[in-house]
Amino acid sequence: MLLISSSVCSLLKKNYVVILIAALILLIPDVSAQQDVSCYHCHTAVVNEFRNNIHYQGGFSCADCHGGVLESNTTVISANAMSGNFIGKPSRNNITDICSKCHSREASDYKQSIHWYAIEKGHPEAATCTDCHGVHEIRAIADNKSLSNHQNSPATCAKCHSNKELMSAWYYGIKTDRIDTYKESFHWKALRNGYNVVATCADCHNNHVTKSHEDPSSSTYPDNLPKTCGKEGCHPGARFDAKVAAGLVHDKESLHTGELVFNQSRLDPQMKAYFLGPFDLAYWIAIFFKILTTGVIGLFAAMVILDFASRFKIHRRW
Amino acid sequence: MREQSLIEVSYSKELKGDNTMGEVFFKRFTFNQLVQHWVMIATFMALVVTGMPVKFPDAWWSPVIINMVGGFEMRTLIHHAAGISMVMLGIYHITYHVFVDKESLLDRKVWPTLKDAKDFWQTVLFYFGKAENPKYGRYSWKEKFDYWGAFWGMVMLCVTGLIMMFPFIAMEYIPYAYVHLATIIHTDEALLATLFIFIVHWWNVHYSPEVFPMSKAWLTGNLSEEQMKHEHPLEYEEIMRQMREKNEKVPD
């Protein structure tokens with residue numbers, strides 16, 4: 001008995017490397033079957049992205065969006081994954097349907113938006129769920145790496161809205177300077193310095209129900225602006241008759257060219273508010289201060305320099 | 001005539017053994033005016049430090065300063081507090097010097113006169129060595145420009161600052177476009193004021209060889225007899241004349 005056990009022991013000792021390897025080989029498929037899905041073997045990069053996805057952390061897998069049967073314990077591509085209701089890469093106008101399986105409220109909000117309207121009209125490049133939330137790397141909104149995080153919202157919207165080709169591909173009505181003009185605003189100046197409690201794109205334009213400012217039910221329709229600005233946590237107490245619409249919310253210096261406009265009937269009412277007679281005040285006030293500052297500082301700096309230079313004369317100053 | 005201030009000449013306590021008088025000081029600013037200037041310095045510097053990072057948000061020093069003062073929210077808080085303090089100072093200044101100070105408004109020496117324009121030109125000529133240094137009274141043209149520049153700046157900055165601080169109250173009366181105009185005026189005027197103070201005013205009171213490292217008048221309110229003779233000769237003569245008259249009136 002003792003002899004047998006000692007020989008088993010010696011056998012184990014002698015071959016412990018082999019045994020260790022054998023044990024690992026037996027363990028690995030088990031471990032990876034829990035962590036990895038079978039798609040990993042080909043779609044490595046995608047699955048790695050998916051690991052940062054809030055859905056992965058919540059127990060969802062590829063099949064929940066892409067369809068098919070999940071074969072988690074296979075080591076080669078399973079034919080089963082391609083069978084049944086496998087849909088592969090969803091087309092852009094189907095993405096909303098997939099998300100709406102769970103996020104029905106968000107999807108129905110989104111379906112009122114101008115983005116969905118454009119998709120339905122045959123412009124599939126209009127924004128859909130994945131453009132703002134990420135494709136495989138969908139993070140929680142509160143995660144500061146999330147595309148739809150409050151702080152990242154301007155950059156996310158700018159991906160498309162600063163893209164001249166994309167914006168003009170449909171028609172020439174979509175302005176591409178929205179991020180530039182936003183960056184002139186106090187909201188952005190505060191945001192970039194880490195003050196998060198200021199408006200970014202989605203706060204005024206709504207995250208899902210994004211509508212054209214020409215749509216009377218839009219949050220950015222001129223008559224609705226005081227209500228939008230007066231939201232709880234933003235500017236509560238803004239009166240409904242506040243003149244928010246009389247001026248460019250998206251404003252920047254280069255929009256004011258200083259051109260004299262005598263016939264203002266053709267002017268955009270937002271732009272018209274800047275005019276006093278034919279003069280664009282935003283332009284002329286800026287010019288006035290340029291001249292005043294250069295003049296006053298130039299004159300007095302010259303006096304300082306002359307004063308300094310006059311010290312080097314032989315006669316005493318006093 | 002401002003009798004009260006003109007004869008406020010103080011002698012240093014220590015009388016010298018050889019029977020001569022100690023150093024004579026001339027009262028330039030009352031304690032009231034000194035405190036006003038100190039409050040002005042404190043609020044102005046706070047406003048510049050917390051305001052410029054927003055005027056130049058893309059500058060490298062902008063986030064540095066904002067972090068230094070305790071974040072953007074704190075920056076805003078400091079800017080608002082300092083701004084309100086400066087407005088209060090302005091209100092106090094006007095109230096005091098218009099209603100409390102007994103001297104007639106028209107007799108104040110701070111009003112610009114034709115002599116100031118002449119003095120300006122003479123100063124330019126003097127710098128080129130073509131004329132004598134102009135003789136100034138109580139306030140030189142530079143000092144008057146400083147004062148009225150600050151006066152105009154405070155009015156502009158106060159009005160536009162309040163519009164920016166309460167935009168939605170302002171928008172009940174003025175269009176949104178004018179709130180934007182207020183930001184242009186506020187920041188450009190502030191930049192002008194900052195450049196003027198840091199270059200011109202500091203040259204006159206700090207860097208200029210006569211006063212370097214600084215004119216102590218902002219701390220003591222006094223000028224020495226030497227300074228008085230050189231910088232305000234007309235006022236000096238006036239004071240001396242009045243003192244002589246006063247001494248003559250004293251019965252034997």
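How buried or exposed is B:R241, judged by its relative accessibility? At 35% relative accessibility, B:R241 counts as partly exposed, and its place in a salt bridge is taken up below together with the other charged pairs. The structure described here is a predicted model, and every value given for it is computed. In outline, the secondary structure of chain A comes to 17 helices and 2 strands, and chain A is in contact with chain B through 44 residues of chain A and 46 residues of chain B.

**Chain A as a whole**

- Chain A has 318 residues, of which 32% count as buried, and its accessible surface comes to about 19900 Å², with 62% of that surface belonging to carbon and sulfur atoms.
- Among the contacts in chain A with a separation of 6 or more, 41% are made by residues that stand 24 or more positions apart.

**The interface between chain A and chain B**

- The area buried between the two chains is about 4500 Å², and carbon and sulfur atoms give 74% of this buried area.
- Between chain A and chain B the count is 2 salt bridges, and A:R192 forms a salt bridge with B:D58 in which the closest N and O atoms are 3.8 Å apart.
- A cluster of ring pairs contains residues of both chains, since it links A:F300 with B:F120, B:W141, B:F145 and B:F196.

**Salt bridges within chain B**

- Over all chains, a search of the whole structure finds 19 salt bridges, and the pairs that follow are examples from chain B.
- The side chains of B:R28 and B:E235 meet in a salt bridge, with an N to O distance of 3.9 Å, and this pair links distant parts of the chain, 207 residues apart. B:R28 is in the loop between β2 (24-27) and α2 (31-55) of chain B, whereas B:E235 is in helix α11 (residues 233-249) of chain B.
- B:R28 counts as buried because its relative accessibility is 6%, and B:E235, at 5% relative accessibility, counts as buried too, the cut-off for buried being under 20% relative accessible area.
- B:D116 and B:K144 form a salt bridge through their side chains at 2.8 Å, N to O. Because B:D116 lies in helix α5 (residues 114-127) of chain B and B:K144 in helix α6 (residues 141-165) of chain B, the pair ties together parts that are 28 residues apart in sequence. Both B:D116 and B:K144 are buried.
- B:E245 and B:R241 also meet in a salt bridge, at 2.6 Å from N to O, and because they are 4 residues apart in helix α11 of chain B, they are separated by about one helical turn. B:E245, at 33% relative accessibility, counts as partly exposed, as does B:R241 at 35%.
- Salt bridges that share partners join B:R28, B:R138, B:E143 and B:E235 into one network.

**Aromatic rings**

- The count of aromatic pairs over all chains comes to 24. In chain A, the rings of A:F50 and A:Y56 have their centres 5.5 Å apart and their planes at 70°, so this pair is edge-to-face.
- The two partners of that pair are given separate accessibility classes, for A:F50 is buried with a relative accessible area of 11%, whereas A:Y56 is partly exposed with a relative accessible area of 25%.
- In chain B, a charge is placed over a ring, as the charged end of B:R75 sits over the ring of B:F72, 4.8 Å from its centre.

**A buried glutamine in chain B**

- B:Q227 is placed in helix α10 (residues 225-231) of chain B, and at 19% relative accessibility this residue counts as buried.
- When residues up to four places away in sequence are not counted, B:Q227 touches B:V211, B:S215 and B:H232.

**Backbone features**

- Most residues other than glycine have a negative phi, and most peptide bonds are trans.
- The peptide bond from B:F212 to B:P213 is cis, with omega near 5°, and B:P213 is found in the loop between α8 (176-207) and α9 (217-220) of chain B.
- A:N206 has a phi near 70°, a positive value in a residue other than glycine. A:N206 lies in the loop between α14 (201-205) and α15 (225-229) of chain A, and at 27% relative accessibility A:N206 counts as partly exposed.

Notes: Residues are numbered from 1 along each chain as its sequence is written. Chains are lettered from A and ligands numbered from 1 in the order in which they are written. This is a predicted model: local features need pLDDT of at least 70, side-chain atom pairs count only at pLDDT 80 or more; totals for chains, interfaces and linings use all residues. Side-chain values use heavy atoms; hydrogens and water are left out. Buried means under 20% relative accessible area, exposed over 50%, partly exposed in between (1.4 Å probe, protein chains only). Contact means heavy atoms within 4.5 Å. Accessible areas come from the Shrake-Rupley method with a 1.4 Å probe; for residues, only the protein chains shown count as cover. A salt bridge is a side-chain nitrogen of Lys or Arg within 4 Å of a carboxyl oxygen of Asp or Glu. Rings of Phe, Tyr and Trp (its six-membered ring) pair if their centres lie within 6.5 Å; planes under 30 degrees apart count as stacked, over 60 as edge-to-face and the rest as tilted. A charge sits over a ring if NZ of Lys or CZ of Arg is within 6 Å of the ring centre and within 35 degrees of the ring normal. Buried area is the accessible area (1.4 Å probe) that two parts lose on being put together, summed over both.
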